[in-house]
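Here are a few notes to read with the model open beside you. I have kept each point short so that you can check it as you go.

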Amino acid sequence: MSNVPAATDGAATAPADPAAEPERYDPLAIEPPIAERWARERTYSLPEELRRNAPAEADAPYYALTMFPYPSGDLHMGHAEIFTIHDALVRHLRMTGHRVLNPIGWDAFGLPAENAARNRGADPKAWTYANIEEQRSTIQRLGYSFDWDTVLYTCDPAYYAWTQWLFLELFGAGLAYRREALVNWDPVDQTVLANEQVVDGRGERSGAIVERVPRTQWFFRITDYADELLDGLDAIDWPDRVKNAQRAWIGRSEGAEITFPTADGQDEVLVYTTRPDTIFGATYFVFAPEHPIVTRRMAGDADYDAFLAEVSRRSDVERQAGKTGYRLPFEVTNPFTGEDIPAFAADYVLMEYGTGAIMAVPIADQRDFDFARQHDLEIRPIIRPTAEDGQLLDELDPATMTEAYLGDGVMVNSGDYDGLAWPEAKARIIADVETKGWGTAKVNYRLRDWLVSRQRSWGPPIPIIHCASCGEVPVPLEDLPVELPDDLDFQVQGSPLDQHPTWKYDVACPSCGDEDATRDVDTLDTFVDSSWYFLRFLSPTDTEQAWPVEAAGGWLPVEQYTGGVEHAVLHLLYSRFVVKAMRDRGHVAADEPFQALLNQGQVIMDGASMSKSKGNLVVPGEVYETYGADALRATMLFASAPEDDIDWADVSPTGIHKWLSRIWRLTLEQIARETDGGPAIDADAAATLDRAVAGAIVGASEDYEARKYNTAIAKLMTLTNAVLDATRQGQGGPSVRSALDHLLTLLAPVAPFLTEELWSRLGNEGSVHDQPWPQADTALLVDDEVELIVQVNGKLRGRITVSAGADQAAAEAAARADDAVARHLDGDVVKVVHVPDKLLNFVVKG
RNA sequence: GCCGAGGUGGCCCAACUGGCAGAGGCGGUGCCCUUAAAAGGCAUGCAGGUGUGGGUUCGAAUCCCACCCUCGGCACCA
C-alpha cells in the first residue's frame, strides 16, 4: 500500500502556537475522510487472481465470513455488533500475516420487499436497492474492511441464474422433486413454509398460525444426507448449542418396523417403534387420520369424513391440549401375542413420521398413556422397575399410575422374554422379528425433506417448464436465468407471478416444443439463495460457472463464520446440505461449508429485546453521529465477550470516548514534545513503561487470539494508564513514543480510524493496518525476584520476597524468618506445600 | 418436561491447567479548571468474599453432588 498522507489535513493545520487550545479529539471530523478513502481506493480488496485460484499456503489464506444482511432498512445494532466483532477478527488476522477473503453481499430476495410493494406501491427492486445503498453507506462509515470488489446481490439475475442452475443440478441428481404432501400454509404470507420456518405452530416471519394442507410442492431431498449431517457435526468447531439444535432437529432414532395384520386378514399395517421390547404391552393400535388404509376402508363414511375435517382444522396448540381419537370398526392383530386389539385413528399420530401408524403401549409411552386414560383402554404392565443396581422394585400398578414408566426394568408378561432387561429384550425381539419375517430393524429421522417452493414473486423462479406430454422439463442452461418480469402487479390476491397475464404462457416445451407448456410459477425459498452464496464470492461476476471449482477447493470451508444463532437449524443446516450435495456432484471438494462458527450475543436494552414499539430502540446512527464509529465499535467489543448479550443500558459510549480522547491527547502531547524537544522520562519510569508495553502485547495478543476483545481492550486501557502515569510530569522520550506506537498498533483492529490518524500524525510510514502484529520483548517480563504468598492452613499470613525459582528450602527459611508468619507456626508443621514463585502453605496441627 | 448457558463489589464485567478475589469500565464521593454548567483533569474501593447447602483438597469462584433463581432453545417424532 502506498504511503498514506495524514488522513485529514489535520497534521498540516496543527497549531504551532503553544498558547492555543490543544486540538480536541473530534471523530466526526477525522473518520469520514478516512472511510471515503478506503472505499475509493478499495483498500481491503483481494487481488482477483488470488481469489479465483486456489491460494498458496505461503499466503496463509483465511476465509472469514459474516452472515450477509437482509436489506430491510438501515443497519441495526445487531448488525453493528456482528460486523464489529468480525472486523476486529479480520483486521487482526491481516496484521498477523494472513491473506483474508472478507466479502460482503446482500440477501436481497424476500417477502418484506413484496409487502412494501403491496402496501405502499413500492417497486420491490427499487425498494431493495435503496435499502442496500443505505446499509452500504453505514457499513463503510463504520470502517468495516470488506472487499468491495466481490459484492453480490441474490436478487441480481447474474446471481440467481446460478441459484437456478443449482436447482437444476439437484433436479438432475434426483435431489429436487415435486410431490403432494401435507404442508405448512401461512395464511398471512400466502405461501407454504418449510418445517424449519414454523415455530410453535406459527409462521416464523408472520406469526400467523399455520395450516396443514395437502399441496404439490418442490422439495430438496435433504433427508438423504441425514446421517452425514449428523455425523459431520463432530468434526466442526461450532457452539454446542447449535450442534445440539441440529442433532435434535435431525432426530435420529433406532428401532424397528413391524407388520401388524388386521384381524380380518385384509390388510397388513407397518408400524415404526423405538421400543419393540414393549410389544407385549401393545393394547391398542393407532393410525394417523390420513393413513391410506384407513381412508380406503372408511371411504364414503360421513361420520369419519367429519372426524377428518375436524382434525385437520385443529392447530398444533389444540392438538397438544387433548388427543382426539376415532374408534375404527376393525381390529388389528398383535403378531407376538396373537391378540386382536382395538384400532383408532388419532391426530397424535403423524402421517409424515415413521409409517403413520403405531402400536400403542400405554405403560411405557406417555402419549399412549394419556390416550388410554382418556379412552379407558387397558394399560398392561410388561415391565418391572429395577433400581440402578439391578435390584427388583415393586411391580407397576396401572390402577394407581399417573404417568407412563420410562425407567429401567425387566420384562414381565412378555412370554419368552420375561426376565430380560429391556435393552436386551429390544435386541432379541428385533432379531426374532427379522427371523419371522414380520419386519426389520430401522433407523428413522425427525428431519423432513426441505420444502423449497414459495407462492411468492420476489425470488428466483423455479426453472422448470410443465408440459402435458413431457412432464417436468428443466429450462435449458443456455436459457438461464429465467428472469422475473418487471411488471408484476402486487395488488392481486395470491401470487403475482402466477397471475401475470403472459409470463407463464410465453414458453414452449424445450423437449417436444409444445406451445401449451407453462412455466412453474413458484419461486425458491430465500434460504436457497443463501445456501450457496459463500461459494459465489469467489467469482461473483462469472458468467461461465457458478464458482471456480479449483479455488473453492483451496478457500473452503470458510475458516470462521460469524452470525446470529437464529439460523441454527435453517441457513446453517441447508448450507451444509448444499455443500455435501455439490461435493457429490464434483463441484466442490469440501465436506462442510463452515469450519468454525461464532454466534454473537444479542444487543438488548434493560433486559429486553429492542423494538420500536417498546420505545427502547437504539440505532447505530445515533451512536456514531455522537461519538464516532470507533467509539461505537470499542463500546460493543468492550461490553462483553462476543457470544454474550450486550445490555445497552449497562454500557457507556461516553466512557469509551473518554478513553479514546485520552489516547488522542497523549499522542498529540508526544508529537509536540518531539517537535519541541521536550524532556524524556527517567530511566526507572522508562523501564516500568517498557514492561507495561511488553505485558500489554502478551496479554492483548492472547485475548485477540481467543477473540476476547473485552479483556483485550481492558489491557489496552491499562497500557494507556501506564503511559499516563509515565508522562504525568510532561516528559516523553523514546519509551513513551514506543509505547504509543504499540498501543496504536494493538488498538487498530478495534478503532481503525483513530489509530490510522494518529499513526500518520506521528510520522510513521504507511498505514497502521499494514503493520505486522507487535512481538513482545518477553525478557522484560522475567523478574529476578518474586513475591511469594505465605499461608498457614490455607489462610494468608504473610508475603515474602525471594529470588525467582527459589527452591522449597530457601522459601521456607525466608518464610519462617518472617514475624507475621512465625507467629502462626506454634503447632506441629505436618506438611509444607510449595508452588514455586507463587505460594508456600504450612499445614499446622493443633 | 427435556437440553444448553449463566448467577462474583451499587451496576457491567475479569480471574491461565484449583493457588493473594478483583484487571478494566460505569456509577458515587472529594478536589482542580470554569462567571456557571457541560466537557475535561486529579484523587478515592466507596467495602463485598463469588446464588444456597453439602463434599473432595493443604488450599475451591474454579472440581463433584443436590437444590434455588435467571436467560435462551426444543417440546405429541412413536
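1. Let's start with P481, which sits in the loop between β22 and α15. The peptide bond leading into P481 from L480 is cis, with omega near -5 degrees. Please keep in mind as you look that this is a predicted model.

2. The loop that holds P481 also holds D487, between β22 (471-474) and α15 (496-499). On the surface, D487 gathers with D123, E483 and D486 in a patch of negative charge. It is worth colouring these four by charge when you turn to the patch.

3. Where is the other proline to look at, P557? You will find P557 in the loop between α18 (549-555) and β25 (558-563). Here too the bond is cis: L556 is joined to P557 with omega about -5 degrees. For context, most peptide bonds are trans.

4. Two backbone angles deserve a glance. D376 has a positive phi, near 55 degrees, although this residue is not a glycine; D376 belongs to the loop between α13 (366-375) and β16 (383-385). N793 also takes a positive phi, near 50 degrees, in the hairpin of β30 and β31. As a reminder, most residues other than glycine have a negative phi.

5. Staying with that hairpin, two residues lie between its strands. Strand β30 (residues 785-792) and strand β31 (residues 795-803) are antiparallel and pair over eight bridges. If you want a register check, E787 stands opposite T801 in β31.

6. Next come the sheets. One is open and has three strands, in the order β11-β10-β18, with antiparallel pairing. Why is one side of β11 and of β18 left without a neighbour in the sheet? Because β11 (268-273) and β18 (439-444) stand at the edges, and each has a single partner strand. From one strand to the next, the twist averages 30 degrees.

7. Within this sheet, strand β10 (residues 253-261) pairs with β18 over six bridges, in the antiparallel sense. To fix the register here, look for A256, which stands opposite A441 in β18. When you follow the side chains, recall that in a regular strand they alternate between the two faces of the sheet.

8. Another open sheet has four strands in the order β6-β5-β9-β19, and its pairing is antiparallel. Its edges are β6 (191-193) and β19 (450-451); each has a single partner strand, so one side of each is left without a neighbour in the sheet.

9. Finally, how many bridges join β5 to β6? Three bridges link strand β5 (residues 176-186) to β6, and the two run antiparallel. Among the residues to look for is W185, whose bridge partner in β6 is V192.

Definitions and conventions: Residues are numbered from 1 along each chain as its sequence is written. Chains are lettered from A and ligands numbered from 1 in the order in which they are written. This is a predicted model: local features need pLDDT of at least 70, side-chain atom pairs count only at pLDDT 80 or more; totals for chains, interfaces and linings use all residues. Side-chain values use heavy atoms; hydrogens and water are left out. Patches are made of residues with over 30% relative accessible area and no salt bridge: like charges are joined within 9 Å, nonpolar side chains (Val, Leu, Ile, Met, Phe, Trp, Tyr) within 5 Å. Accessible areas come from the Shrake-Rupley method with a 1.4 Å probe; for residues, only the protein chains shown count as cover. A salt bridge is a side-chain nitrogen of Lys or Arg within 4 Å of a carboxyl oxygen of Asp or Glu. Lys and Arg count as positive and Asp and Glu as negative; His and the chain ends are not counted. The place of a charge is taken as NZ of Lys, CZ of Arg, CG of Asp or CD of Glu. Two strands pair if DSSP finds at least two bridges between them. Axes are lines fitted to C-alpha atoms, for helices over the stretch in contact, and angles run from 0 to 180 degrees between N-to-C directions.
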